[in-house]
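Visitor: I have just opened this one and would like some help finding my way around. Could we begin with how the strands are put together?

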Amino acid sequence: MSGSANADKLAAGLVEVIGDATRVLTAPAVVDRLSHDFYWYSPVLRPILTNKTGDVVVQPVNANEVLAVLTYARRHEVAVTTRGAGTGNYGQCVPLEGGIVLDLSLMDRLEEITEDGVAVCMPGLRLGLLETEARKVGWELRCYPSTLVKASVGGFLGGGSGGIGSVAHGGLRDFDTVRAFEVATMEEEPRLVLHEGNAVHEILHAWGTNGVLTRIWLSLTPAVEWTQVTIAFDTFDEAFGFAESVAVDAAWTKRLVTVFEWPIPSFFSPVKNVVREGKALALIMIATDELGELLLVAEASGGEVTFAAAYDGPRTQPLLSDYTWNHTTLWAMKADPAYTYLQCGFSPVDCREQFAKLRAKFGEEILFHIEFMKNGEGIVIPGAIPVVRFVSEERLNEMIDTCRSIGVFVANPHVNYLEDAGRYRADNAQLRAKEKYDPMGLLNPGKMMSFRKAAVAK
Ligand SMILES: Cc1cc2nc3c(=O)[nH]c(=O)nc-3n(C[C@H](O)[C@H](O)[C@H](O)COP(=O)(O)OP(=O)(O)OC[C@H]3O[C@@H](n4cnc5c(N)ncnc54)[C@H](O)[C@@H]3O)c2cc1C
């Protein structure tokens, strides 16, 4: 049977399963679009993943439909790749072996925000919508990616790690931010299983390889009135020193502390007015009632405050988080497609030495973009998403090896499997869950390299 005949048969089966042909999509252009994410960020992944696609997209509206699709897929041994909003940037939701794309964008209901600040929601809910609704009742997200407006809660838990807010609250895996979720399994008889407390780490950031999140309990934090501030400094050292002092001092109430060395700020064309030619830029979200004090300290440290305005939710314009975290790379690539990026964690003690070593070896092939974040032990560290000039895969690997050899942590965003991309658990908890919940290896196959289907299949 030809590929398209296979897809037709699969689509007919899925229409029978969910009883609604309008939610089973087969048009090749649509299937291709919904089979891809921001994988093209990586010049290494781009040629590998461009032609990978699922056969059919199905859009369930509730957990029972998810179970019905998984039951069908298991019976017919068809691969299933789960998709939230498709903003991941290592091809996490690009199907490597065809099959079904399980698009959860219609499962987007916010069920409740409890009195003690826990959001209960379906996985397709957009983070921006959750932030808006939460702020109406005095809460807000603890941390969110710079793709806030578009990204889904399920996709953030499945493929993200942290972002704006992480300087105060750590990443998704820290401080019980993810309270619990319900997971649909790909066992012989698929079922829903509740994971609470420590058990969330078996599924969190596993790229949909070991279960499908169908309902989520996410801890929020009391809402704060925030002001977005940018401060220009003559040198990166000055900007870094100032930002570090704000980031590590618990007395400041902050949501974002970012530093860019020149010429990164020159890439931010829509907000040229906050940039000063040749200067480094610090970008901070600070509690509005601490703004006056921050401005005094910034100026006393040699900074020029170039912008200060209230944050009023995800629709704020300009929304300065649009220039931070992995959005910075997007602006760099717009300015020059030869740029790409790495994801690093510098030492809070030796970072200046580490910066100097990388500069000495790689010159301006690496440009420093720092995002301060709290780790699980409560220590604020200089995380970084440096902008890197792409020369070759070998050169990129040399840079990664050098980073690791001088104690800089690297989550490699140029691989398409979990183990080297940064959040794979050394205790193999995600692998054990896959062996239990997906013994046939049908969930997002090829993304968890350590899984061996032959060892556990029926
Ligand atoms: C410009 C840009 C900036 C970014 N900034 C950040 C950042 O600051 N911080 C950060 O952490 N990430 C960042 N990312 C990556 C990405 O945007 C986030 O991780 C986002 O939260 C992913 O959500 P999504 O709904 O788009 O997920 P998708 O891309 O759709 O999915 C991500 C992964 O999760 C899996 N998945 C999706 N839904 C489920 C589910 N219900 N159950 C199980 N698995 C599921 C998918 O199979 C896939 O493997 C950025 C990406 C871009 C392009």
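Guide: A good place to start is threonine 82, whose bridge partner in β4 is leucine 102. Please keep in mind throughout that this is a predicted model.

Visitor: OK, and how many bridges join β3 to β4?

Guide: There are four bridges between β3 and strand β4, which covers residues 100–103, and the two strands run parallel.

Visitor: What is the strand order in the open sheet?

Guide: The open sheet has four strands in the order β1-β2-β4-β3, and the pairing within it is mixed. Its edge strands are β1 (24–25) and β3, each of which pairs on one side only.

Visitor: Which helix packs on that sheet?

Guide: Helix α4, residues 63–76, packs on the sheet and touches β2 (56–58), β3 and β4. The direction of α4 makes about 170° with that of β4.

Visitor: Switching topic, what about the ligand: which residues come nearest to it?

Guide: Of the 36 residues around the ligand, the ones that come nearest are Thr82, Gly84, Thr87, Ser152 and Gly162. Thr82 is thus a residue you have met already, as the bridge partner of leucine 102.

Visitor: Which elements supply at least two residues of the shell around the ligand?

Guide: β3 (80–83), α6 (153–159) and β10 (212–222) each do so, and the largest share, five residues, comes from α6.

Visitor: And how does the shell divide into nonpolar, polar and charged residues?

Guide: The shell around the ligand holds 13 nonpolar residues, 22 polar ones and one that is charged.

Visitor: What lies 2.6 Å from an oxygen atom of the ligand?

Guide: That is a polar side-chain atom of threonine 87. Backbone N or O atoms also take part: one of serine 161 lies 2.7 Å from a ligand oxygen atom, and one of glycine 159 lies 3.4 Å from a ligand oxygen atom.

Visitor: How much of the ligand does the protein bury?

Guide: Taken alone, the ligand exposes 970 Å², and the protein buries 97% of that.

Visitor: One last thing, in what sense do β5 and β6 pair?

Guide: Strand β5 (residues 110–113) and strand β6 (residues 118–121) pair in the antiparallel sense over three bridges, and isoleucine 113 has alanine 119 as its bridge partner in β6.

Visitor: Which residue in that hairpin takes a positive phi?

Guide: Glycine 117 does, with a phi near 80°, in a hairpin that has four residues between its strands.

Key
Residues numbered from 1 in each chain as written. Predicted model: local features only at pLDDT ≥ 70, side-chain atom pairs only at ≥ 80, totals over all residues. Heavy atoms only, no water. Near = heavy atom within 4 Å. Polar contact = N/O pair within 3.5 Å; in protein donor to acceptor, adjacent residues only side chain to side chain. Areas by Shrake-Rupley, 256 points an atom, 1.4 Å probe, with all protein chains shown as cover. Nonpolar A, V, L, I, M, F, W, Y, C, P; charged D, E, K, R; others polar. Pairing = 2+ DSSP bridges. Contact = heavy atoms within 4.5 Å. Axes fitted to C-alpha atoms, helices over the stretch in contact; angles between N-to-C directions.
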